[in-house]
Amino acid sequence: MCLTSDLTFFDTANCYAHGTSEEFWGNAIKNNIARDKVVLASKVYFNDGHLSKNAVNREIDGTLKRLGTDYLDLYIIHRFDYTTPIEETMQALDSLVKSGKVRALGASAMYGYQFYNMQMCAKDNRFTHFVSMQNHYSLLYREDERELIPICDQMNVARTPYSPLAAGRLCRTQ
């Protein structure tokens, strides 16, 4: 694979192809472009323990090893975890930033009130807050316009929507 300097943002997850996606991108980057010239993002959730402290700490180490780097530019929680207290998750994520394993935090695929509550937990406890939201958004799915997008705007959170072509439905002729 040949990467050019035009490609600078790589987004993967610990669960994509059982971690081999992270290995693939790690090798491609290592062999083609300097680490400081790219932004690496990965996600955590679809694993044992979801977003518990133990799971977050275990999964970041696996992600960094598979990517062949000592830090991530953006670590995204893939879903809201209904089984782990928000404070436990936010404290675990904050510790990753403080340790230097992660530079910034992002979230994905949750309701506006859940995202708001996580951001407020970070604020109240002086934890690192989310700077990015990867939400489901397209011309066919605009539900996030009601609450999540205004919350992101209010909190100055960048958005990187997923499935903007609605899984191909918006780019087919039929």
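This short talk covers the parallel strands of one structure and then its aromatic contacts. The model is predicted.

I will start with strand β3, residues 72–77. Six of its six residues are buried, so to speak of this strand is to speak of a mostly covered one. On one side, strand β2, residues 39–44, runs parallel to β3, and four bridges join them. Within that pairing, Ser42 stands opposite Tyr75. Helix α2, residues 53–67, completes a β-α-β unit with β2 and β3, and the unit is right-handed.

β3 also pairs with strand β4, residues 102–108, in the parallel sense, over five bridges. Here Ile76 in β3 has Gly106 in β4 as its bridge partner. To get from β3 to β4 the chain passes through helix α3, residues 86–99, and this crossover is right-handed too.

Now the rings. How many aromatic pairs does a search of the whole structure find? Six. Take Phe80 and Tyr82: the ring centres are 5.1 Å apart and the planes stand at 80 degrees, which is over 60, so the pair is edge-to-face. Phe80 is buried, at 14% relative accessibility, whereas Tyr82 is exposed, at 59%.

Tyr111 and Tyr113 have ring centres 6.0 Å apart and planes at 10 degrees, so this pair is stacked. Tyr111 counts as exposed because its relative accessibility is 52%, and the cut-off is over 50%. Tyr113, at 47%, is partly exposed.

Two items remain. Phe10, Phe24 and Trp25 form one aromatic cluster. Lastly, the charged end of Arg35 sits over the ring of Tyr71, 4.0 Å from the ring's centre.

Technical notes:
Residues numbered from 1 in each chain as written. Predicted model: local features only at pLDDT ≥ 70, side-chain atom pairs only at ≥ 80, totals over all residues. Heavy atoms only, no water. Phe/Tyr/Trp six-rings, centres within 6.5 Å; stacked < 30°, edge-to-face > 60°. Buried < 20%, exposed > 50% of the residue type's maximum accessible area, 1.4 Å probe, protein only. Lys NZ or Arg CZ within 6 Å of the ring centre and 35° of its normal. Helix = DSSP H or I, 4+ residues; strand = E, 2+ residues; numbered from the N terminus. Pairing = 2+ DSSP bridges. Right-handed = clockwise from strand over helix to strand, strands pointing away.
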